[in-house]
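Reader: Could you take me through one part of this model closely, and then through whatever helps to place it? I would enjoy a connected account.

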Amino acid sequence: MRDDPIANVLDDLLKLDDILACMVARRDMISVMPTGDSFKPEVNQIWDIIKRAMDDVFGVIRDYSQAGLGEMEFRMQDYEVLFYVFPDTENALVAIIPAMANKGLIEVEMENTRREILKIMEEPDREPVLATA
Amino acid sequence: MLIVGRDVKLNLRNNSKIHASIGFSRKWDAQEAGREVVQSALKNLETPPSFFLLFSTIHYKDHGGFQEFLNAALDVLPEGTPLIGGTIASFINNYGCYARGAAALAVSYPNMDITVGYGIRAKRNPKKAARNCANMIRKELEKSSYKNKFLINMISAPIIPKIPFMGEVNNVKSRFYGAMLTYIGMPIAHYFGTGIGKEQDVIEQLALSLPEYYMIGGSSVDDGRMLSNYQFIGGNILSNSITALACSTDIPVFLKAQIAVHKTEKKFKITDATYHDYIVKKIENKSASNYFLKEILEIPPELFYTLGPFYYKTSDYFPMTFEENNEHVLGVGSLLGNNILLSHKMAGKNVVMCTTNGNEILRVIDSLFLDYNKAFPFLFISSSTIYSFILRNKTVKIKEILDKQLGDIPYLMIQPIIENIYIPGKKPVARAYSTNTLSLLEGGV
């Protein structure tokens, strides 16, 4: 995990002030986390309930990813959770942000991160971590 | 992960005497980014740059600082190269579409006279700051024999003022505190370098002082929080200032502006305003904020502060213009009790509500260069960051359109918070929701 280039890409994303947590995940499983292995502290208090809600969303992603589902999001209390689905898989780049954050600029960087991760995944000698739907 | 250095061949068009190149860095460290953004620009340039435009997102403030960023940039930039720039919300160039990082445009051409100027305390006395900036430019370029002139500027954007006991205040529900901010808070904020940006005053004065210059620019900003912003000139980091780079050359200037909004049926009349026409007190002789919420947005005023988050997520879709001045497009900055603080200066009394959406923005971008034969040596574009607020991750579609239209022409689209433009013979305007494009017409278009 420590030398995982995807984790390094997530590290970059997590450095943005409004990214409180980010990961590559699917239902019941976080595939890659930033190398620090931790989220920003404010997320800890709400993580359990967010994680449960995330798993429900991943059920939808699993069912509709191949139909072209690209992004999903939900808002819970003072946080929003953004899902950027990797095409034709049940995996997504997930980020937790403050509800009042400037989502426009954050999502520009989310898209860059998704594309960088996809590029890494396409490298020929890369071990697959993304399950297909 | 780092994209700089990949095999993208920019510029170097045959027969062109103008060489331009795009610099770019995604490094987090200010020093590394400053060095890399210049090195990557110089790498594709055959001759030393005649001028250098340098921009970055606000992130280097907390990752080494802007002085380190600029010092590192100057270490690798040929000594004496005229440089201006500042912080911007995001940018698009031949390499990608980013809300974090540094970007540059370097242009090299022998038949150019270049100088830079600046003016400080732009929020307190915008006209004086603009005049000082213009005087520096006039003094240096008045002997230039070239007839074609353009000016690129960066102006400090609005900064939310910090009010004692209240903190950084944007919306205020209380009529009492709203009145306090209207009559005391906002007028004194500019003494502390905060408050509204007064970009319209700046560009009007620049146009008055340098009427023969084509002008393009924007307001330097942070990541949309409106808490700080910086302007660059040479090795100096300024705030609450104007910086400008002026050029006289033997090649005609290309400057084009477009706005991505359309009018709705909703109209109203501003019947009372204060603070140099930045704060609206009455609409149709009624409390401005109540009227705006109830009659225009159709939100019950008593619910607004519950619906505030919703409003802020949708307000970008509802700018306004003026029957008297269609070129001006602005939005609501904040609600101050009974009053409304506009994002910039009123340009009339008869307001027409507008709207926009992602498709309209992309259509405007798509139409930018349709009438031209793409003989541009470079393109410098100042385009509304509100486009990114609306398009979100689909902002990358702007890049896809530009790539398709421009091929390998080096381009840099900066996204400040307010854009300004002046075409000689026309009215100067500072506004949002616009895309303004500068280039040179080498060989004609």
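Author: Among the elements that cover the buried residues of H5(B) are helix H3 (126-141), strand E8 (148-156), strand E11 (214-220), strand E14 (242-249), strand E25 (419-422) and strand E26 (429-431) of chain B. Helices (H or I, at least four residues) and strands (E, at least two) are DSSP runs, numbered from the N terminus. A residue is buried if 20 or more other C-beta atoms lie within 10 Å of its own, exposed if 12 or fewer, and partly exposed in between, with C-beta atoms placed from the backbone. Contact between two residues asks that their C-beta atoms, placed from the backbone, lie within 7 Å.

Before going further, please keep in mind that this is a predicted model, in which local features need pLDDT of at least 70 and side-chain atom pairs count only at pLDDT 80 or more, while totals for chains, interfaces and linings use all residues. Residues are numbered from 1 along each chain as its sequence is written, and chains are lettered from A and ligands numbered from 1 in the order in which they are written.

Helix H5 spans residues 199-209 of chain B and is mostly covered, with nine of its 11 residues buried. The buried residues are B:Glu199, B:Gln200, B:Asp201, B:Val202, B:Ile203, B:Glu204, B:Gln205, B:Leu206 and B:Ala207.

H3(B) deserves a second look as a partner of this helix. The axes of H3(B) and H5(B) come within 8 Å and cross at roughly 35°; axes are lines fitted to C-alpha atoms, for helices over the stretch in contact, and angles run from 0 to 180 degrees between N-to-C directions. Their crossing is right-handed, a term used if the near helix is turned clockwise from the far one by less than a right angle, with anticlockwise making it left-handed. On the H5(B) side, B:Asp201, B:Val202, B:Gln205, B:Leu206 and B:Ser209 take part, and they meet B:Pro126, B:Lys127, B:Ala129, B:Ala130, B:Arg131, B:Cys133, B:Ala134 and B:Arg138 of H3(B).

From strand E8, also part of that cover, you can step to B:Ala157, found in the loop between E8 and strand E9 (162-163) of chain B. B:Ala157 counts as buried because it has 28 C-beta neighbours inside 10 Å. Leaving aside neighbours within four places in sequence, its contacts include B:Ser219 and B:Ser220, along with B:Gly197, B:Pro416 and B:Ile418. The C-alpha atoms of B:Ala157 and B:Gly195 are 8.8 Å apart, with their positions 38 residues apart along the chain.

Strand E14, another element in the cover of H5(B), leads to B:Asn240, which lies in the loop between strand E13 (236-238) and E14. Its phi is near 50°, a positive value in a residue other than glycine. B:Asn240 counts as buried because 22 C-beta neighbours fall inside 10 Å.

E13 then takes us to helix H2 (residues 66-76) of chain B, since what covers the buried residues of H2(B) includes E13 together with helix H1 (30-43), strand E2 (51-56) and strand E12 (231-233). Those buried residues are B:Phe66, B:Phe69, B:Leu70, B:Ala72 and B:Ala73. Seen down the axis of H2(B), they fall within an arc of 160°, so they line one face of the helix; the arc is that of the directions from the helix axis to the C-beta atoms.

For a second helix pair in chain B, turn to helix H8 (residues 358-367) and helix H10 (residues 396-406), whose axes come within 9 Å and cross at roughly 20°. H8(B) and H10(B) are therefore roughly parallel to each other; angles under 35 degrees count as roughly parallel, over 145 as roughly antiparallel, 65 to 115 as roughly perpendicular and the rest as oblique. B:Leu362, B:Ile365 and B:Asp366 of H8(B) make the contact with B:Lys397, B:Ile398 and B:Ile401 of H10(B). H8(B) passes H10(B) in a right-handed crossing.

Ahead of H10, B:Arg392 lies in the loop between helix H9 (386-391) and H10 of chain B. Phi of B:Arg392 is near 50°, a positive value in a residue other than glycine. B:Arg392 counts as partly exposed because it has 19 C-beta neighbours inside 10 Å.
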